[in-house]
Amino acid sequence: MSVELNFDEQGLIPAIVQDHYTKEVLTLAYMNAESLAISAAEGRTCFYSRSRRCLWRKGETSGNVQRIVSITADCDRDALVIEVVKAGPACHTGAESCFFEPVFVSDELKPFCYEGLYQLIRGRKTDPKEGSYTTYLFEKGMDKILKKVGEECTEVIIAGAKGDRGETVYEIADLVYHLLVLMVESGIALRDVTAELEKRHVVDHKVKQERMR
């Protein structure tokens, strides 16, 4: 390790594990020098169990391994953030994250994330809700969904051509929502799109034109 870390009196350091794609906090675990070295060497998370007093590799029995993208220390070098690509749920309960018990949610600053919206849309497909527009789209099927995506694309173009910022934002939001519906219907996860963007140089290259050459 190039950074000298400050382990506590028990030789441990807290490690916050975060999903690389969604940035969702998955769990809080602890590492000692040995488990950290193993994690870095193997490229997958290995922790120290304070209750069992032994090392444990995440996914060793469940198969829900966590491949490490990066490990970052805080300013005091006494805590870590580990970004991972996970192969399954992070929590032993089967939940995607260990943090799912709400304690307080602000009425003024309601949290929003694309993953949350994606899961809400997905829920309207797996658990249809009467009167839901999203459920209606799923019931109508792919042709209807694709038609709506096309319509919203046109609305974005019209708003952008008018130079109306507020209307353009509104129409982009509509398009994003319908694209998420299309993704759910097609079995495409947010991380699939993120992974595709990560491997491209989308800012400097015309990807589609390059593929046609």
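# Worked exercises on a predicted model

By a sulfur-to-sulfur rule of within 2.5 Å, the count of disulfides in this predicted model comes to 0. The exercises below begin from that result and then turn to the sheet, its turns and the nonpolar cores.

## Exercise 1: Cysteines

Task: Explain why C113 takes part in no disulfide, and state how exposed C113 and C75 are.

Solution. Step one is to recall what is being looked for: a disulfide is a covalent bond between the sulfur atoms of two cysteines. Step two is the distance: the closest cysteine sulfur to that of C113 belongs to C98 and lies 17 Å away, which is too far for a bond. Step three is the surroundings: C113 is partly exposed, at a relative accessible area of 42%, while C75 is exposed, at 74%.

## Exercise 2: The order of the sheet

Task: Work out in which order the strands of the open sheet are arranged, and which strands stand at its edges.

Solution. The pairs are taken one at a time. Strand β1 (residues 13-19) is joined to β2 by 6 bridges, and these two run antiparallel; one residue pair that shows the register is I16, which stands opposite L28 in β2. On to the next pair, β1 is joined to β6 (residues 80-86) by 5 bridges, with the two strands running parallel. Here A15 has L80 of β6 as its bridge partner, and D19 stands opposite V84 in β6. Finally, β5 and β6 pair in the antiparallel sense over 7 bridges, and S70 has E83 in β6 as its bridge partner.

Put together, these pairs give an open sheet of 4 strands in the order β2-β1-β6-β5, with mixed pairing. The edge strands are β2 (25-31) and β5 (66-73); each has a single partner strand, so one side of each is left without a neighbour in the sheet. Neighbouring strands of this sheet are turned against each other by 25° on average, direction ignored. As for burial, β6 is mostly covered, since 5 of its 7 residues are buried.

## Exercise 3: Turns and loops

Task: Find where K23, R53 and R77 lie, and describe the phi angle that each one takes.

Solution. Begin with the hairpin of β1 and β2, which has 5 residues between its strands and holds K23 in the turn. K23 has a positive phi of about 70° although it is not a glycine, and this residue is partly exposed, with a relative accessible area of 42%. Go on to the hairpin of β5 and β6, where 6 residues lie between the strands and R77 takes a positive phi near 60°. Then consider R53, found in the loop between β3 (46-49) and β4 (54-57): R53 is not a glycine either, yet has a positive phi of about 55°, and it is exposed, with a relative accessible area of 69%.

A further loop, between β4 and β5, is the place of S62, which is partly exposed at 47% relative accessible area. Although S62 and G88 are 26 residues apart in sequence, their C-alpha atoms are 8.7 Å apart in space.

## Exercise 4: The nonpolar cores

Task: Identify which helices supply the largest nonpolar core, and which of them gives the largest share.

Solution. The general background is that, in soluble globular proteins, nonpolar side chains tend to be buried together. In this model the largest core has 15 residues, of which Y118, I121, F138, I145, L180 and V181 touch the most other members. The elements giving two or more residues to this core are α2 (114-126), α3 (133-140), α4 (142-162) and α5 (165-186). The largest share, 7 residues, comes from α5. To look at one member, take L180: leaving aside neighbours within four places in sequence, L180 is in contact with L117, Y118, I121 and L190. Apart from this core lies another, of 13 residues, among them V17, A29, L36 and A90.

## Exercise 5: The annotated span

Task: State which residues the UniProt domain annotation covers, and describe that span in the model.

Solution. The unreviewed UniProt entry carries the annotation "domain: Phosphoribosyl-AMP cyclohydrolase" for residues 28-100. In the model, the end C-alpha atoms of residues 28-100 lie 13 Å apart, and the span is 14% helix and 37% strand.

Technical notes:
Residues numbered from 1 in each chain as written. Predicted model: local features only at pLDDT ≥ 70, side-chain atom pairs only at ≥ 80, totals over all residues. Heavy atoms only, no water. UniProt positions renumbered as here; feature names shortened; annotations may be inferred. Pairing = 2+ DSSP bridges. Axes fitted to C-alpha atoms, helices over the stretch in contact; angles between N-to-C directions. Core = buried A, V, L, I, M, F, W, Y, C linked by side-chain atoms within 4.5 Å. Buried < 20%, exposed > 50% of the residue type's maximum accessible area, 1.4 Å probe, protein only. Contact = heavy atoms within 4.5 Å.
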